[in-house]
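Colleague: I should like to request a close look at a single part of this model, namely the largest cavity and its surroundings. Which residues line the largest cavity?

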Amino acid sequence: MFSLINKFTPANAKNDFLSGLTVSLALVPEAVAFAFVAGVEPLVGLYAAFFVGLITAVFGGRPGMISGATGALAVVMVSLVSQHGVEYLFATVVLMGIIQVAAGIFKLGKFIRMVPHPVMLGFVNGLAIVIFLAQLGQFQVANPDTGNMEWMEGSMLYMMLGLIAITMFIIHFLPKLTTAVPSSLVAIIAVSLAVIGLDLNTKTVGDVASIGGGLPEFHIPMVPLNLETLYIILPYAFILAAIGLIESLLTLSLIDELTETRGRGNKECIAQGAANVTTGFFGGMGGCAMIGQSMINVNSGGRGRLSGITGAVFLLLYILVASDLIEQIPVAALIGVMFMVVIGTFEWSSFRIMRKIPKQDAFVIVLVSGVTVATDLAIAVIVGVIVSALVFAWEHAKHIYVDTEDQEGSRVYKLHGPIFFGSVANFLELFDPKKDPDDVIIDFQHSRVSDHSGIEALDTLAERYIKAGKKLHLRHLSPECKILLSKAGDMVEANVLEDPNYHVATDKLA
């Protein structure tokens, strides 16, 4: 479905190649910046961007998605590197990759479907803000006297802002004239030629760091192979694996929506894991999907695997033979590209719908966006899912009620709504054993017991009627419920023809 072969046409190949070239230029400062965040050498980030980008492009479940070194992983790595050194980072990345491969093999990628739409909106908006804030660091330069980083001022600042504006102008208006080449690539080349030709004084990629180097070499992490090492790297590996998978699968879902196609989450998990195992053995810092670069790729026309392959291969060529040329690219051009990504990524419609959607959904959007900016994407998504689940449980807990009627000396309660951990309190309040007649029937035809808490609530209710000396009949319960009920005993009426057959979410039978 997503193979390179059925995507390969001359037009698609041209789009993929040019968009991949554009992405490769934007990958350089990002990989270098995230390497600095993690406390490692720039080449460690660049090698990671190459290996992760290439392997996921070839074997991943989402053609057109770009992977590489990311800030979400770097902020976790910095603690490990500062305490134990870079060799422990390489070992952690290998273990992280193994965990991700296992997640794909056990098909855990499907659980990304449980992420509600408000969480997705909050994730996208928060990530757009994070991408924007990450660019602000480029507005700092080293003081020649003290060596400290200071904010740009005067002509240098105005030059930077002017070049950014020109870049954004070209990206926005060029597609109205022609779509033969990606507007982002044209903007980068045009602004770079202008800076070089006019000898303008502005910050370039070379001012950030040198990207020159050789081919990555196979390197087994130099750490003791014992339990103590495992205790050190295992927690970091699990956290990094979770962050990487969440960010990648959410990016995959976003690109699915933009391209109106369907990616394969479990295949992406396996490919990303294999990529991280490989990069760990070649001196890279590991990585995952990059939403900013993926948006650049998709917006530039990249849809097939060739776009990701092109981006990774060109990145390696920059390191090997073209570092002097790439280092002359003005940082302002790349910032302009990323600012356009921010504008395109942010869901501006979320402002318009805030008053039209339920208040709890609006709260989740704002919460996830804020947590994304304050912490990281994985924590934000987990918080959003938990809050959404609690809101869902609270709302459904209020939807339990009974219809009461008296029949031949018996009172019949026809129960409506699910019995689960959130509704058991409301369920028990529906009945008053002291005031009920001697014979009571509770009909579960329009209700179901969803979990162990519901089973315990039924037992509690049965015990109350026993103490009151009343007869209680429970109709239309599933066979499993009858087995699990211990207090109700023979109060459960067997009605084989009408009783439902479903399973209860409980481990009591196990």
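Modeller: The following account begins with the whole chain and then turns to the cavity and to two residues in its surroundings.

This is a predicted model, in which local features need pLDDT of at least 70 and side-chain atom pairs count only at pLDDT 80 or more, while totals for chains, interfaces and linings use all residues. Residues are numbered from 1 along each chain as its sequence is written, and side-chain values use heavy atoms, with hydrogens and water left out.

The chain has 21 helices and 8 strands (DSSP runs numbered from the N terminus, with H or I and at least four residues for a helix, and E and at least two for a strand). Its C-alpha trace spans about 100 × 55 × 55 Å along the principal axes. Of the 510 residues in the chain, 52% are buried (under 20% relative accessible area, with exposed meaning over 50% and partly exposed lying in between, for a 1.4 Å probe and protein chains only).

A search of the whole structure finds 1 cavity of 30 Å³ or more. Here a cavity is a set of points, on a 1 Å grid over the protein atoms alone, where a 1.4 Å probe fits but cannot get out; lining residues have an atom within 4 Å of a point. The volume of the largest cavity is about 40 Å³, a volume being the space filled by probe spheres set on the points, which are joined across faces, edges and corners.

The lining of the largest cavity consists of Val23, Leu27, Gly53, Met65, Ile66, Ser67, Gly308, Gly311 and Ala312. Helices α2 (10-38) and α13 (305-320) each supply at least two residues of this lining, and α13 gives the most, with 3 residues. By type, the lining divides into 5 nonpolar, 4 polar and no charged residues (Ala, Val, Leu, Ile, Met, Phe, Trp, Tyr, Cys and Pro count as nonpolar, Asp, Glu, Lys and Arg as charged, and the others, Gly among them, as polar).

Several lining residues also take part in contacts with Gln293. Gln293 is found in helix α12 (residues 291-299) and is buried, with a relative accessible area of 1%. Leaving aside neighbours within four places in sequence, Gln293 is in contact with Val23, Ala26, Leu27, Glu30, Ile66 and Met338 (contact meaning heavy atoms within 4.5 Å). Val23, Leu27 and Ile66 also belong to the cavity lining. The side chain of Gln293 reaches the backbone oxygen of Ala26 at 3.5 Å. As for Met338, it lies 45 residues from Gln293 along the chain, and their C-alpha atoms are separated by 8.4 Å.

Another lining residue, Met65, is touched by Ser248. Ser248 belongs to helix α10 (residues 227-259) and counts as buried at 1% relative accessibility. Not counting residues up to four places away in sequence, Ser248 also touches Gln272, Cys288 and Ala289. The side chains of Ser248 and Gln272 are joined by a polar contact of 2.5 Å (a pair of N or O atoms within 3.5 Å; within protein, one must be able to donate a hydrogen and the other to accept it, and residues adjacent in sequence count only if both atoms are side-chain atoms).

The links from Gln293 to Met338 and the others join parts of the sequence that lie apart, and the chain as a whole can be described in similar terms: residues 24 or more positions apart account for 80% of the contacts with a separation of 6 or more.

How values were computed:
On a 1 Å grid over the protein atoms alone, a cavity is a set of points where a 1.4 Å probe fits but cannot get out, and a pocket is an open set with protein on both sides within 12 Å along at least five of seven lines; lining residues have an atom within 4 Å of a point.
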